[in-house]
Amino acid sequence: MDIVLKAERITKYYRAWAGVFRRGSSIVKAVDGVDLALERGKTLGLVGESGCGKSTLARVLMRLEEPTSGRIYIDGEDFLAFRGKALRRERRKIQMIFQDPYSSLNPRLTVGSTIAEGIKIHKIAKGKEVRERVMALLAKVGLPPSAENKFPHEFSGGQRQRIGIARALAVEPEIIIADEPVSALDVSVRAQIINLIKDIQEETGVSMIFIAHDLGVVKNVSDTLAVMYLGKIVELAETDAIFREPLHPYTKGLLASIPVAEVMERCTKEPPRLVEIGSNRLVRCWLHNE
Ligand code: ADP
Ligand code: MG
């Protein structure tokens, strides 16, 4: 297997202040020991309810934040070891599509400049060729050529997300992390954006982590699924297998759209190990641990 991105035992802890009347602070284990491997050219869907740590994991994988502990490898190289110029060069390989396409775009830059920025920084093209690339990217994401000289506020939510996608694609990354790319959009445009992302996957062969809080969104774009609960991966399997036969009670709840407030009490005291069930299936659950 050709693994483009590998994460080992990633943790990210935050200090959460207890409040005015209580002293000291407690620790929020936003990401609590995550192992992931992304196969080149494939899409890994990462699902779990709001607050389970998906965006934190994404930010750590992007190195927008340093993990508390753990290791990240891109193309087999230690991503956390890069500094300075080498880090800037390496960053080109992994790009992000954000949940809120408005706050992630610079309101003072035209769409053309936004897309051209990465192309120039990473010296992917120069002179006239920069603009040619920008125009080709606009076409690829379904925006008219006239978008080039407009500003983000002149577009709808769906169109802004297309701009965000073009910006991510501009540097020809190996990996794209899409963090709930349709959650902030009107239901009527969600399918269009998901279809655009699917077309791009097929056309470019980019490897992708697609994050969502519901399984329906990731079903048609993901080869494998990782289900996250309270900072941990509780189930990992091929997408079809998860839909055919979910093993973890939390996954079953997600599939049925039932809120699963608590899993078994025993899990909070003694965390079960992630065990292999059959081929290419992993589950972290006492019901499957013995
Ligand atoms: P998700 O993307 O799955 O909704 P997040 O990664 O945003 O979850 O958050 C996971 C947990 O970490 C939440 O409890 C959240 O409040 C906490 N958290 C995230 N970022 C910070 C931060 N910068 N400081 C403190 N706590 C944070
Ligand atoms: Mg999030």
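**Cysteines and a helix pair**

Student: How do you know that the sulfur of C285 is too far from the closest cysteine sulfur for a bond?

Tutor: The closest cysteine sulfur, in C267, lies 6.1 Å from that of C285, whereas a disulfide needs two cysteine sulfur atoms within 2.5 Å. The pair is therefore too far apart for a bond, and the model has zero disulfides. This is a predicted model, where local features need pLDDT of at least 70, side-chain atom pairs count only at pLDDT 80 or more, and totals for chains, interfaces and linings use all residues. Side-chain values use heavy atoms, without hydrogens and water, residues are numbered from 1 along each chain as its sequence is written, and chains are lettered from A and ligands numbered from 1 in the order written.

Student: Why is C285 called buried or exposed?

Tutor: C285 has 0% relative accessibility, so it counts as buried (under 20% relative accessible area; exposed is over 50%, partly exposed in between, with a 1.4 Å probe and protein chains only). C267, at 17%, is buried too.

Student: What makes α3 and α5 roughly parallel?

Tutor: Helix α3 (residues 111-121) and helix α5 (residues 157-170) pack at about 20°, their axes 8 Å apart. Angles under 35 degrees count as roughly parallel, so α3 and α5 earn that description.

Student: Which residues make the contact?

Tutor: From α3 come V111, T114, I115 and I119, and from α5 I163, A166, R167 and A170, contact meaning heavy atoms within 4.5 Å. By class, six residues are nonpolar, one is polar and one is charged.

Technical notes:
Axes fitted to C-alpha atoms, helices over the stretch in contact; angles between N-to-C directions. Helix = DSSP H or I, 4+ residues; strand = E, 2+ residues; numbered from the N terminus. Parallel < 35°, antiparallel > 145°, perpendicular 65-115°, else oblique. Nonpolar A, V, L, I, M, F, W, Y, C, P; charged D, E, K, R; others polar.
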